[in-house]
Structures are given as C-alpha cells and as structure tokens.
Amino acid sequence: MFRKAKIRIVALTCTVLLFSHCYVVSEFIVGGEAAVFVDEKLAGLWRFPGKPGFLLIARHKSGDFSFHYFSGNFELDGEYFAGCLSKVGGKTFLNVKRYGSLSEKAADSGYVPLHYELNGDQLKIALLETKFFNDAIGTKKLTGQAPVQSSTYSTAPTRITSRGEDLAKFILDNWKNPEMLEKPQTMERIKVDLPTTPEEALP
C-alpha cells in the first residue's frame, strides 16, 4: 500500500488510510458524481481506543473533506488525504486521494474507496478487499488492472476503471458477501469544541 507510516490505514483511518500493502484504487467516485453528498457529522477529531494519536477530519467550503493524522506527541504527519463522500443504496463511502506535505498534486489520479459507517460517536472504516476485486477484474465483472504479485504483497494497487455507477452496483450486488470488505477499524470521537463553519486554514 502506501508507505508504512504513523497513520496505517489498518491501524489508520488514517490508520485505515495509509495502507502498508495491497489496496484498491478507482478511477471514479463510488456511485459517480451524482452520488456525492456531505455528511455534516463526520467532521471532528477521532482516535483509536487505547492508542496514541488522533485523526482530524475537516470539511471545506467546497464540500470536500480532508484527513490529517497527528501522532501521540502531537506532530502532524507530512501526508494527508482529501476527497469526497458518496452514498449509494444507503451505504456511505470515502473517496480519497493521498497528498504529500509539499505538493498540491495528488500522488495518484485515482481514488481510494473505503466504506464507512457512523453511529453516534463511533466511526467504522473498511477498505475494499483486494483479492475480491482482483477476481472481479479477472472474471470481467469489473474493468481494470489487477497487479502481478511477485511476492507475498504487491507493491501496486488494484486499479478499477469501471464507471463509478457500475462499481457501486457491483458493491451493492455483493454487499452480503463477507469477503468483499476488509475487517473494519473502529474509531471514537474526541469531544472538543470545533468551528461550525468549514475550515479554510487546512490544505
């Protein structure tokens, strides 16, 4: 996945967001542009119970969200994620791109799609399972490129080129299949007073 970092997306939303090995990239937002929405309840500070560090989710005037990880000593990680939310069939997704600290250009043109579920002060985030989507590409249920795996882990992402609407339909058709998503990571909200207007100071 992306480099191993303080934010590991499996120990990151950020822990779910900085994957250390395999991950899925989509050229389009899950559900397409028509599925984009704003979840006002998502913005805030989040942490993994019993672990140091926290994740700041900020909403911008554009409607996009950015994700910034702070380590246990309150240092801001150089990389961050930004993107939009989409909703299809009652299921909600993050569609994010990775950015370097000194660049306004995303590291990849595609989006990393993640399913998220928000219940009160609990946030669950899950990556798409790469093997499941590699198989879907191999059987032509989706279009894209499955990486050649020369070792235990591939260094390249699984890349889906199907339209966002087609990807959403595939996900919903297979929703009850336990192999489609990785095990969700759970975060809890840190209750602090935050501005009610979208943050402009963050990148």
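Which residue of β12 does R47 stand opposite? Select R47 and then E188, for E188 in β12 is the residue that R47 stands opposite.

**Before setting out**

This is a predicted model, in which local features need pLDDT of at least 70 and side-chain atom pairs count only at pLDDT 80 or more, whereas totals for chains, interfaces and linings use all residues. Residues are numbered from 1 along each chain as its sequence is written, and side-chain values use heavy atoms, with hydrogens and water left out.

**The whole chain**

Colour the chain by secondary structure, and 3 helices and 12 strands can be found; helices (H or I, at least four residues) and strands (E, at least two) are DSSP runs, numbered from the N terminus. Of the 203 residues in the chain, 48% are buried, where buried means under 20% relative accessible area, exposed means over 50%, and partly exposed lies in between (1.4 Å probe, protein chains only). Turn on the surface next: the chain exposes about 10400 Å², and carbon and sulfur atoms supply 51% of it, with accessible areas taken from the Shrake-Rupley method with a 1.4 Å probe, only the protein chains shown counting as cover for residues.

**Strand β3 and its partners**

Select residues 44-47, which form strand β3, and add β4, to which 3 bridges join it in an antiparallel arrangement; two strands are said to pair if DSSP finds at least two bridges between them. L45 has L56 in β4 as its bridge partner. Between β3 and β4, which form a hairpin, lie 6 residues, and G50 in the turn has a positive phi of about 75 degrees. Now add residues 185-190, strand β12, which pairs with β3 in the antiparallel sense over 3 bridges.

**The nonpolar cores**

Show side chains next for L42, I57, F67, L94 and L123, which touch the most other members of the largest nonpolar core, a group of 20 residues. A nonpolar core is a set of buried Ala, Val, Leu, Ile, Met, Phe, Trp, Tyr and Cys residues joined through side-chain atoms within 4.5 Å. At least two residues of this core come from each of β4 (54-59), β5 (65-70), β6 (80-88), β7 (91-99), β8 (112-119) and β9 (122-127). A second, separate core has 19 residues, including V88, F93, I160 and L167.

Returning to I57, and leaving aside its neighbours within four places in sequence, one finds it in contact (heavy atoms within 4.5 Å) with L42, A43, G44, W46, F65, S66, F67 and L123.

**A three-stranded sheet and R159**

Move on to the open sheet of 3 strands, whose order is β1-β11-β10 and whose pairing is mixed. Its edge strands are β1 and β10, each of which pairs on one side only. Between β1 and β11 the pairing is parallel, over 3 bridges, and S26 has I160 in β11 as its bridge partner.

Within β11 (residues 158-160), select R159. Is R159 buried or exposed? R159 counts as buried because its relative accessibility is 18%. The side chains of R159 and E27 are joined by a polar contact of 2.7 Å; such a contact is a pair of N or O atoms within 3.5 Å, where within protein one must be able to donate a hydrogen and the other to accept it, and residues adjacent in sequence count only if both atoms are side-chain atoms. Not counting residues up to four places away in sequence, R159 touches V25, E27, D108, S109, G110, I137, T143, G144 and Q145.

**Helices α2 and α3**

Select residues 130-138, helix α2, whose buried residues are T130, F132, F133, A136 and I137. They lie on the same side of α2 because they cover an arc of only 160 degrees around the axis, the arc being that of the directions from the helix axis to the C-beta atoms. The exposed residues K131 and G138 are carried on the face turned away from that buried side. Among the elements covering the buried residues of α2 are β1 (24-26), β10 (144-145), β11 and α3 (164-173).

In α3, select the buried residues G164, L167, A168, F170 and I171, which pack against β1, β6, β7, α2 and β11. The exposed residues K169 and D173 are on the face of α3 turned away from its buried side.

**A last stop at K140**

Finish at K140, in the loop between α2 and β10. Phi of K140 is near 65 degrees, a positive value in a residue other than glycine, and K140 is exposed, with a relative accessible area of 73%.
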